[in-house]
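Ever wondered how people decide what to call things in a protein model? Have a look at this one, and then we'll go through the labels together.

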Amino acid sequence: MKILFTLCGRAGSKGVKGKNARDFLDIPLVWYSMAGISLYKERYLSDSDIVDVVLNTDSEDLIRLVHQVKELNVHVLHRPNELAGDTVPKVAVIRDCLERSEKEFGIDYDVVVDLDITSPLRKVEDIKNAIDRKLSRPEVDVVYSVTHSRRNPYFNMVKEENGFFCKAIPSSFTTRQDAPVFYDMNASIYAYSTRAIKEKHQATFFNSNCDAIVMFDTGILDIDSEEDYELMQVVAKYLFGKDPAFKETFIKAKDWK
C-alpha cells in the first residue's frame with residue numbers, strides 16, 4: 001500500500017489568529033495529527049508499505065514545529081502564493097501536494113489522506129476506517145469523516161425569507177426521528193482518490209460520488225473561532241481522561257515535548 005498523508009495549514013487565519021501553529025493543552029496542535037499518523041504506521045502497516053508525509057504551508061512557525069519531531073519524517077512543501085489565499089479550495093492544495101510528491105518521490109500513490117490540523121480529536125481507528133473504506137471502494141472520489149447532525153433542515157433548522165422565518169426545507173415531520181437523517185462533515189479526515197484529485201472540479205468536489213465514515217461526536221467540529229479553541233480544550237481534557245483511544249494520540253504527542 002502506498003499512502004500520501006497531507007498536513008495543510010496557512011500562516012494566516014481570520015477566525016483564530018495563527019491557529020495552525022498554536023498549542024492545544026500545551027502541545028503544538030499539529031502534533032496531534034502527526035501522532036495519529038505515527039500510531040497508524042506502527043499499528044497497521046508493514047515494512048513493505050510506503051508512507052510519505054508532507055506539510056503544505058507558508059508558515060515558518062508551523063515548519064519549525066514539525067521539524068522538532070524526529071520520529072516522523074515530514075517533508076515540507078512551501079505553499080505557492082496563488083494557493084495561500086483564504087478563498088482557495090482545500091482540494092487545490094491537496095492536488096498541489098499530490099503532484100509535487102509524485103514528482104519528488106517518484107511514487108504513484110493508492111490514496112491521499114488529509115488530516116486537518118484544527119481537528120485534533122480523532123482516534124487512530126478513525127484513520128484506519130477512512131483508509132480501509134476508500135480502498136474498498138475505488139470508484140468513490142473521497143471518503144470523509146462525519147458525525148451525526150444535531151440539527152435537521154426538515155425539522156429544526158430555519159431560514160429568513162421575505163421578512164419571516166420558516167423551515168429550511170418545508171415539511172410535515174413532527175419529530176426529528178421521522179425526518180431524513182443528516183450528518184455534519186467534521187473536517188477531520190479525508191481519504192482521496194488520486195484520480196479524482198487530478199480530474200474533478202475543485203469547487204464542487206464534494207457535491208457527488210463521495211462516501212463517509214461516522215466518528216464520535218465531540219460537540220465541536222473544528223477550531224474555527226476563539227470560543228471553539230477554548231471549548232475544544234475542555235472537551236479534550238474530558239475525553240483524554242475517559243477514553244484511552246482518544247488519549248493515546250495525546251500521550252504520543254506529549255512524548256515529543
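**How do the labels get earned?**

Q: Where does Asp228 sit?
A: Asp228 is in helix 6, which covers residues 226-242. Helices here are DSSP runs of H or I with at least four residues, strands are E runs with at least two, and both are numbered from the N terminus. One thing to know up front: this is a predicted model, where local features need pLDDT of at least 70 and side-chain atom pairs count only at pLDDT 80 or more, while totals for chains, interfaces and linings use all residues. Residues are numbered from 1 along each chain as its sequence is written, and side-chain values use heavy atoms, with hydrogens and water left out.

Q: How do you know that Asp228 has no salt bridge?
A: Compare the distance with the rule. A salt bridge needs a side-chain nitrogen of Lys or Arg within 4 Å of a carboxyl oxygen of Asp or Glu. For Asp228, the nearest side chain of opposite charge (Lys and Arg count as positive, Asp and Glu as negative, with His and the chain ends not counted) is Lys19, 7.7 Å away. That misses the 4 Å limit, so no salt bridge is counted, even though Asp228 is buried.

Q: What is Asp228 in contact with, leaving aside neighbours within four places in sequence?
A: Contact means heavy atoms within 4.5 Å, and on that rule Asp228 is in contact with Ile220, Asp222 and Ile223.

Q: Why is Ala187 called buried?
A: Buried means under 20% relative accessible area, exposed means over 50%, and partly exposed is in between (1.4 Å probe, protein chains only). Ala187 comes out at 13%, so it counts as buried. You'll find Ala187 in strand 10 (residues 183-192).

Q: What makes the phi of Ala187 worth a second look?
A: Most residues other than glycine have a negative phi. The phi of Ala187 is near 50°, which is positive, and Ala187 isn't a glycine.

Q: And what about Asn209: what is its phi, and why is it called partly exposed?
A: Asn209 isn't a glycine either, and its phi is positive at about 60°. Its relative accessibility is 42%, so Asn209 counts as partly exposed. Asn209 is in the loop between helix 5 (194-199) and strand 11 (210-214).

Q: Why are helix 1 and helix 2 called oblique?
A: Helix 1 (residues 29-44) and helix 2 (residues 60-67) pack at about 45°, with axes 10 Å apart. Axes are lines fitted to C-alpha atoms, for helices over the stretch in contact, and angles run from 0 to 180 degrees between N-to-C directions. Angles under 35 degrees are roughly parallel, over 145 roughly antiparallel, 65 to 115 roughly perpendicular, and the rest oblique. The angle of about 45° falls in "the rest", so this pair is oblique. Val30, Trp31 and Met34 in helix 1 meet Leu62, Leu65 and Val66 in helix 2.

Q: Why are helix 6 and helix 7 called roughly perpendicular?
A: Their axes cross at roughly 110° and come within 6 Å, so the label "roughly perpendicular" applies. Helix 6 brings Leu239, Phe240 and Lys242 to the contact, and helix 7 brings Pro244, Phe246, Lys247 and Phe250.

Q: How do you know that Arg137 and Asp211 form a salt bridge?
A: Their closest N and O atoms are 3.2 Å apart, inside the limit, so the pair counts. Arg137 lies in the loop between helix 4 (124-136) and strand 7 (142-148) and Asp211 in strand 11, so the bridge ties together parts 74 residues apart in sequence. Arg137 is partly exposed at 29%, while Asp211 is buried at 12%. Both belong to a salt-bridge network with Arg133 and Glu139.

Q: Which salt bridges does Asp141 make?
A: One is with Arg195, at 2.7 Å from N to O. That pair links distant parts of the chain, 54 residues apart, with Arg195 in helix 5. Another is with Lys200, at 2.8 Å. Here the two are 59 residues apart, Lys200 being in the loop between helix 5 and strand 11. Asp141 counts as buried because its relative accessibility is 5%.

Q: How many salt bridges are there in the whole structure?
A: The search finds 22.
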